[in-house]
Amino acid sequence: MRDFAYLRATSTEAARQAAALPGAMLLAGGTTLIDLAKCGVAEPETLVDITHLEGLDGIAVDERGAMIGALARMGHVADHADIKGRFPAVSEAVWQAASAQIRNMATIGGNLMQRTRCPYFRDPSNFSACNKRQPGSGCSAIGGVTRGHAVLGTSEACIAMYPGDLATALVAFDATVHLGERQLLVDDFFLLPGATPDKEHAIEPGEMITAVEIPASAAARRSTYLKVRDRQSYEFAAASAAVGLELEPDGRTIRDLRVALGGVATKPWRARAVEDALKGKVLEPDAVRAASLLAVEGAVDHGANHYKIELAPRVVARAILTLGEAA
Amino acid sequence: MTTTLPISLTVNGHHHELEVDPRVTLLDLLREQLELTGTKKGCDRGQCGACTVLVDGKRINSCLALAVSHDGAEVLTIEGVAHGEELHPVQAAFIAHDGFQCGFCTPGQIMSTIGLIAEGQAGADPERIREGLSGNICRCAAYSGIVEAVLEAQQQLARTDRRTAA
């Protein structure tokens, strides 16, 4: 690990100012940053430790929604009774992420800044070409082992998959990220790789995530997170879906539907085409399965990750139908 | 030259005033500076769980924790769980149920189990115990013994709690 200066922030303002300096990075739970520093991917000159700041780890839930402080630990969010009650998909996404130890360390703000698990990105000593690490250096994944790479939102510069679970649930329910005074939809916070895969988040120097806000909705209250993976626990998604459902009083017509995909795209992937195809329709298996195919419209595989194009619609359909049965 | 920073840490009930390089993880501090080598370094990337310790009562991967960031914390390691010659009920249960073979992952398994039982989420459901301990890898695959050990330790600790409460 390269040598760095350590600075303990005493206020949010001080943290923002210190983190605006070149080479400075914010340190919260450290589960991504320390890992990447050991891999030689992150090379901070200064670490600005924000874990000692007070008042940023609260979770407040009322009938309007949930406000989760940036320093709330993942484990705390997953176990929170009101998050479980009003946003089950959010709780399920978080407890199916990582391990108990990591959830006790990792924060919600840090989780949104989680980097890709692309093995080429994580291994600079063996793979010098990575446009995400070094713009213009090329992509070692294209033409390499691609089983875990994205099929949606890719570019010629990058096919790295966004690995997180929480943000997939957040984009389904129109959550916003608070960057001090500025607020952004989580969907807009994550950027497509395009020609600049090194820029993953719409956050500017001098900004810091202070909270995540999730508006309440009937669809969020009746929601689930289905994560399919190579092993049952402590594994990233092969494909996952955050789904929320609201039915009309007749109990069978879909009034509102939210669908977002994880494990298959370069960012948390809202599947509005599936939502639009099913809203106003009667919830029945054939229609749901047909509409779920729209989740992977425009998908492009790179060989070994082709299975994701078949798997993702099935995961979406199963999640919707499971919610429909749980009346 | 690297600047060291002063921190204070309570480890297994003992207070320490230390000087640390900011890059030093809690794991390396425990092993190299405090010579508490019971906590193991497996992957050193937060993937195997061998380095699990409790910090302020919660289980974490000490390999991903910078020591300097944990200034003022209370740390419990495998060296601090027994009472003298009397093993912690989780330690005793791991022995009784062959919850290990080579033993390298065992300190982490035991600390993770103590954390899991304290969280009170797993109950008597083996499936939930497996989920709760998925952050601890055992390459000898002693998993079935580990689950039996956790079930027994949990019952043992519940009995002790009832006696203490009565």
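**Exercise 1. In this predicted model, determine which residue stands opposite A:Thr176 in strand 8 of chain A, and describe the pairings of strand 6 of chain A.**

Solution.
1. A:Thr176 stands opposite A:Glu213, a residue of strand 8 of chain A.
2. Strand 6 of chain A and strand 8 (residues 211–215) of chain A run antiparallel and are joined by 3 bridges.
3. Strand 6 (residues 176–179) of chain A is also joined to strand 7 (residues 182–185) of chain A, by 4 bridges and again in the antiparallel sense.
4. In the pairing with strand 7 of chain A, A:Leu179 stands opposite A:Arg182.
5. Strands 6 and 7 of chain A form a hairpin with 2 residues between them. In its turn, A:Gly180 has a positive phi of about 65°.

**Exercise 2. Establish the strand order of the open sheet of 3 strands in chain A and state which strands stand at its edges.**

Solution.
1. The order is 1-3-2, and the pairing is parallel.
2. Strand 1 (5–8) and strand 2 (24–27) of chain A each have a single partner strand, so one side of each has no neighbour in the sheet; these are the edge strands.
3. On average, neighbouring strands of this sheet are turned by 25° against each other, direction ignored.
4. Over 4 bridges, strand 1 of chain A pairs in the parallel sense with strand 3 (residues 46–49) of chain A. A:Tyr6 stands opposite A:Leu47 of strand 3 of chain A.
5. Helix 1 (residues 12–19) of chain A lies across strands 1, 2 and 3 of chain A, and runs at about 145° to strand 2 of chain A.

**Exercise 3. Characterise the overall fold of chain A by its elements, its dimensions and its burial.**

Solution.
1. Chain A contains 13 helices and 12 strands.
2. Its radius of gyration is 19 Å, close to the 20 Å that the globule rule gives for 327 residues, so chain A is as compact as a globular protein of that length.
3. Along the principal axes, the C-alpha atoms of chain A fill a box of roughly 60 × 50 × 30 Å.
4. Of the 327 residues in chain A, 54% are buried.
5. Of the contacts in chain A between residues at least 6 apart in sequence, 64% join residues at least 24 apart.

**Exercise 4. Identify the residues with the most contacts inside the largest nonpolar core, and examine the surroundings of A:Leu261.**

Solution.
1. The largest nonpolar core has 153 residues.
2. The residues with the most contacts inside this core are A:Ala169, A:Leu170, A:Val243, A:Val259, A:Leu261 and A:Val316.
3. Helix 13 (residues 307–325) of chain A gives the most to this core, namely 8 residues.
4. Neighbours within four places in sequence being left aside, the contacts of A:Leu261 include A:Thr168, A:Ala239, A:Trp269 and A:Ala312.
5. In soluble globular proteins, nonpolar side chains tend to be buried together.

**Exercise 5. Describe the side of chain B that touches chain A, and then the buried residues of helix 2 of chain B.**

Solution.
1. The contact takes 24 residues from chain B and 20 residues from chain A.
2. Strand 4 (58–61), helix 3 (106–119) and helix 4 (126–132) of chain B each give two or more residues to the side of chain B that touches chain A. The largest share, 4 residues, comes from strand 4 of chain B.
3. That side of chain B divides into 8 nonpolar, 10 polar and 6 charged residues.
4. In helix 2 (residues 89–96) of chain B, the buried residues include B:Pro89, B:Val90 and B:Phe94. Their cover includes helix 3 and helix 5 (143–165) of chain B.
5. Just after helix 2 of chain B, B:Asp98 takes a positive phi of about 50°.

Key. Residues are numbered from 1 along each chain as its sequence is written. Chains are lettered from A and ligands numbered from 1 in the order in which they are written. This is a predicted model: local features need pLDDT of at least 70, side-chain atom pairs count only at pLDDT 80 or more; totals for chains, interfaces and linings use all residues. Two residues are in contact if their C-beta atoms, placed from the backbone, lie within 7 Å. Ala, Val, Leu, Ile, Met, Phe, Trp, Tyr, Cys and Pro count as nonpolar, Asp, Glu, Lys and Arg as charged, and the others, Gly among them, as polar. The radius of gyration is taken over C-alpha atoms; the globule rule is 2.2 Å times the number of residues to the power 0.38. A residue is buried if 20 or more other C-beta atoms lie within 10 Å of its own, exposed if 12 or fewer, and partly exposed in between; C-beta atoms are placed from the backbone. A nonpolar core is a set of buried Ala, Val, Leu, Ile, Met, Phe, Trp, Tyr and Cys residues joined through C-beta atoms within 7 Å. Two strands pair if DSSP finds at least two bridges between them. Axes are lines fitted to C-alpha atoms, for helices over the stretch in contact, and angles run from 0 to 180 degrees between N-to-C directions.
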